[in-house]
Amino acid sequence: MIATLSPATWRSLPGPEDITRVELPNGIVVLTRSNFNSASIVINGYLPCGSLYDPLDKLGLAGFTARALMRGTARYDFQTLHEVLESAGASLGFSANVHTITFGGRALAEDLPLLLSLLSSCVREPTFPPEQVERLRAQLLTSLAIRAQDPAEMAELTFDALLFPDHPYGRSEDGYSETVKTIRREDLEAFHWAHFRPQGMVLVVVGAVAAEEVITQVNAALGDWPAMPAAENRTVSPVAPPSQTVRKHVPLPDKVQTELVLGTLGPKRNHPDYLPASLGNNILGQFGMMGRIGEVVREKAGLAYYAMSSLNAWMVAGSWEVNAGVNPANLERAIELIREEIRRFVSEPVTEEELSDSQAHFIGRLPLSLESNAGVASALLNMERFQLGLDYLQRYPQQVLAITRDQILEVARRYLDPERLIIVSAGPPAEG
């Protein structure tokens with residue numbers, strides 16, 4: 001018997017009745033939901049200008065720009081800006097991914113005007129002080145040097161490059177040491193001038209403030225940001241799955257554990273295949289003690305410190321991959337066991353018990369993910385980003401219950417081919 005949400009819980013899920021969505025005249029989309037059970041507010045959002053726009057010789061530029069936004073603005077120097085946040089007990093931060101520069105923050109509800117004012121100053125009038133740019137560059141280069149010695153990071157980085165060759169999804173959003181070294185302050189200014197616009201910006205506010213007040217305050221802070229034509233509009237091309245198995249090892253001396261990433265393409269987030277694949281992935285390598293793969297590779301064979309699968313879905317494609325940490329001596333056997341498990345997964349339907357357990361898990365965790373303002377804000381942002389609809393959360397339980405064993409098998413066969421996989425390991429140099 002599959003557990004379902006009680007009527008009271010169902011009615012409490014965010015939906016069109018209590019989510020307000022407004023598009024300002026300059027193109028900013030605002031979503032808000034009130035929650036007066038706490039005195040705080042959370043903001044989340046993005047601007048549509050990520051690493052997709054990085055020049056190939058300056059990879060990491062979008063991320064560098066995002067992190068530099070709070071290093072100084074026309075109204076605040078670095079020290080003052082952070083003192084203002086600290087004195088209010090508030091937070092604000094920026095980062096970048098392929099498609100967007102994202103931001104997030106929190107504060108007491110009474111300080112929402114302050115947080116929005118700081119957000120506006122950072123995105124509209126950053127000054128990129130030279131000494132702060134160099135300080136940030138040093139921090140970024142240190143992080144990249146640490147990454148270069150991290151087996152898990154290097155395996156994932158290499159996996160992405162092989163799965164998405166010559167594609168934005170296959171390039172590091174943080175760039176590489178050699179590209180970050182070439183980025184100048186003038187590049188940050190040029191990126192900001194070319195790509196920061198109100199059109200396409202999405203701002204989510206959740207917490208102890210009425211929707212009408214949120215719209216008023218966002219208008220006050222950002223409504224006078226004039227819309228301007230985009231300097232450039234890039235699209236991300238579709239990706240073809242691997243035509244054969246590709247194997248690569250990244251040697252990292254002085255390491256004792258080997259990190260393994262094995263997988264292929266997965267569905268994009270708003271594709272009908274995503275939910276059946278997500279339930280299937282839960283069975284394959286998530287639920288309980290890391291699903292079937294965890295049970296076979298880790299529990300029974302004892303070949304891995306951990307072994308699990310993940311489904312990562314973005315705007316135009318995704319990845320379906322297995323990650324494991326193994327003793328180098330066990331690497332080949334672990335790879336073969338994982339491939340055997342994938343062969344079984346695409347040859348026969350999952351069991352009724354596996355499906356019902358996963359459905360109950362997916363439905364049961366939904367209210368838990370929405371208990372905090374941050375959880376609701378994240379959900380609303382994804383609903384807007386992937387055009388899922390304001391009623392998505394209310395439709396979600398029935399969508400999960402409608403997935404069948406045959407659907408999972410069909411989707412698994414569409415994406416997972418055990419004879420056409422990207423297999424990357426990183427760790428101690430291979431002997432011989």
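Which residues lie nearest the centre of the second largest pocket? In this predicted model, the residues in that position are R269, Y274, S278, R365 and Y396, which belong to a lining of 27 residues. The second largest pocket holds about 690 Å³ of space, and two or more lining residues are given by each of helix 10 (274–285), strand 9 (304–313), helix 13 (352–369), helix 14 (373–385) and helix 15 (392–402). By class, its lining divides into 15 nonpolar, 10 polar and 2 charged residues.

The largest pocket encloses about 930 Å³ and is lined by 46 residues, with A96, N97, V98, E173 and W314 nearest its centre. Helix 6 (residues 151–163) gives the most to this lining, with 5 residues, and the lining as a whole comprises 18 nonpolar, 17 polar and 11 charged residues.

Within the largest nonpolar core, which has 73 residues, the members that touch the most others are I43, F94, L119 and L222; helix 4 (residues 112–124) supplies the largest share of this core, 7 residues. Apart from this core lies another, of 63 residues, including L279, A304, A377 and I408. Beyond its neighbours in sequence up to four places away, L119 touches I43, L92, F94, F103, M201, L203 and L222.

Q217, in helix 9 (residues 211–222), counts as buried because its relative accessibility is 13%, under the 20% cut-off. With residues up to four places away in sequence left out, Q217 touches L112, P113 and L116.

In helix 12 (residues 331–345), the end C-alpha atoms are 21 Å apart, which agrees with the 21 Å that its 15 residues should span at 1.5 Å a residue. The buried residues of helix 12 include L331, I338, R339, E341 and F345.

Key
Residues are numbered from 1 along each chain as its sequence is written. This is a predicted model: local features need pLDDT of at least 70, side-chain atom pairs count only at pLDDT 80 or more; totals for chains, interfaces and linings use all residues. Side-chain values use heavy atoms; hydrogens and water are left out. Helices (H or I, at least four residues) and strands (E, at least two) are DSSP runs, numbered from the N terminus. Buried means under 20% relative accessible area, exposed over 50%, partly exposed in between (1.4 Å probe, protein chains only). Contact means heavy atoms within 4.5 Å. The expected span of a helix is 1.5 Å times one less than its number of residues. A nonpolar core is a set of buried Ala, Val, Leu, Ile, Met, Phe, Trp, Tyr and Cys residues joined through side-chain atoms within 4.5 Å. On a 1 Å grid over the protein atoms alone, a cavity is a set of points where a 1.4 Å probe fits but cannot get out, and a pocket is an open set with protein on both sides within 12 Å along at least five of seven lines; lining residues have an atom within 4 Å of a point. Grid points are joined across faces, edges and corners, and a volume is the space filled by probe spheres set on the points. Ala, Val, Leu, Ile, Met, Phe, Trp, Tyr, Cys and Pro count as nonpolar, Asp, Glu, Lys and Arg as charged, and the others, Gly among them, as polar.
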